[in-house]
Amino acid sequence: MKRLHLLPIGNVDGGLLTDLEVALAESFRVPCEVLRRTLDPEFAFHGERQQYHSSELLGRMQSHVASDSWRVLGVTGVDLYIPILTFVFGEAQMGGPCSVVSFHRLRQEFYGLPADQDVLWQRLLKEAVHEIGHTIRLTHCEDYGCAMAPSHAVEWIDLKNAKFCAACQSKIYASVS
């Protein structure tokens, strides 16, 4: 059976990856595994923005897709962007095998607030589910409670769930089989 592989990009807390491994296996009903190898993100760093280009990370992640990969999700703590946006929480190859999510702007500390691991965890899970959804050709959903609702700010992430609405859910499970 194919697996959802989690690829640490840079330094990522192992406990966070383990929790994500369990939750995503349940969400997508596929085995999930944290890869032992990591990807150094420095090649994607752009000094003029002090950020990492997420599309470049996705391109490099292709070499981590194995014969037993269903999807590969990169997880990182670096600040991501694409040229047309100030930042992104993540990016995915629509219909492709790779997606990436960053917890850099999901942390309360980024906004000058006290650290809150539960808030970070919930946001990261929602965004991970969202980006993986794009790899199975799901587009943004009009149901603001659905994991596929767009997220232009953390407040939008906080409004949605880590689960899919009925319409999106039926597409997800059909693609896994």
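Helices and strands are DSSP runs, numbered from the N terminus. The model analysed here is predicted.

The packing of the interior was examined first. The largest nonpolar core holds 37 residues. Within this core, Leu20, Leu24, Phe28, Leu73 and Phe164 touch the most other members. Several elements contribute. Strand 1 (3–9), helix 1, strand 5 (69–76), helix 3 and helix 4 each supply at least two residues of the core. Helix 3 gives the largest share, with seven residues. Another core lies apart from this one and has 16 residues. Ile9, Met61, Leu80 and Ile82 are among its members. In soluble globular proteins, nonpolar side chains tend to be buried together.

Nonpolar side chains also appear on the surface. Phe110, Tyr111 and Leu113 form a nonpolar patch there. Together these residues have about 250 Å² of accessible area. Tyr111 is located in the loop between strand 8 (98–102) and helix 3 (117–135). Its relative accessibility is 35%, so Tyr111 counts as partly exposed.

Charged pairs were considered next. The structure holds five salt bridges. One of the pairs joins Arg3 and Glu33, whose closest N and O atoms are 4.0 Å apart. This pair links distant parts of the chain. Arg3 belongs to strand 1 and Glu33 to strand 2, 30 residues apart. Arg3 is partly exposed, with a relative accessible area of 30%. Glu33 is also partly exposed, at 31% relative accessibility.

Asp79 and Arg105 form a salt bridge too, with an N to O distance of 2.7 Å. Asp79 lies in the loop between strand 5 and strand 6 (80–81), and Arg105 lies in the loop between strand 8 and helix 3, so the pair ties together parts that are 26 residues apart in sequence. Asp79 is buried, at 10% relative accessibility. Arg105 is buried as well, with a relative accessible area of 13%.

Arg107 and Glu109 make a salt bridge in which the closest N and O atoms are 3.8 Å apart. Arg107 is partly exposed, at 22% relative accessibility. Glu109 is partly exposed, with a relative accessible area of 35%. Side chains of opposite charge can pair when their charged atoms come close.

A buried lysine was also identified. Lys160 lies in the loop between helix 4 (154–159) and helix 5 (166–176). Its relative accessibility is 2%, so Lys160 counts as buried. Residues up to four places away in sequence are left out of the contact list that follows. Lys160 touches Lys126, Glu127 and His130. Lys160 also touches Tyr144, Gly145, Cys146, Ala147, Ala149 and Ser151.

The cysteines were then checked for pairing. The structure holds zero disulfides. Cys98 is in no disulfide. The nearest cysteine sulfur belongs to Cys32 and is 14 Å away. Cys98 is buried, with a relative accessible area of 0%. Cys168 is likewise in no disulfide. For Cys168, the nearest cysteine sulfur is that of Cys165, 3.7 Å away. A disulfide requires cysteine sulfur atoms within 2.5 Å, and the Cys165 sulfur is 3.7 Å from that of Cys168. Cys168 is buried, with a relative accessible area of 5%.

Backbone geometry gave two further sites. Arg29 has a phi near 55°, a positive value in a residue other than glycine. Arg29 is placed in the loop between helix 1 (14–28) and strand 2 (32–34). Arg29 is exposed, with a relative accessible area of 54%. Arg137 has a positive phi too, near 70°, and is also a residue other than glycine. Arg137 sits in the loop between helix 3 and helix 4. At 59% relative accessibility, Arg137 counts as exposed.

Definitions and conventions:
Residues are numbered from 1 along each chain as its sequence is written. This is a predicted model: local features need pLDDT of at least 70, side-chain atom pairs count only at pLDDT 80 or more; totals for chains, interfaces and linings use all residues. Side-chain values use heavy atoms; hydrogens and water are left out. Buried means under 20% relative accessible area, exposed over 50%, partly exposed in between (1.4 Å probe, protein chains only). Patches are made of residues with over 30% relative accessible area and no salt bridge: like charges are joined within 9 Å, nonpolar side chains (Val, Leu, Ile, Met, Phe, Trp, Tyr) within 5 Å. Accessible areas come from the Shrake-Rupley method with a 1.4 Å probe; for residues, only the protein chains shown count as cover. Helices (H or I, at least four residues) and strands (E, at least two) are DSSP runs, numbered from the N terminus. A nonpolar core is a set of buried Ala, Val, Leu, Ile, Met, Phe, Trp, Tyr and Cys residues joined through side-chain atoms within 4.5 Å. Contact means heavy atoms within 4.5 Å.
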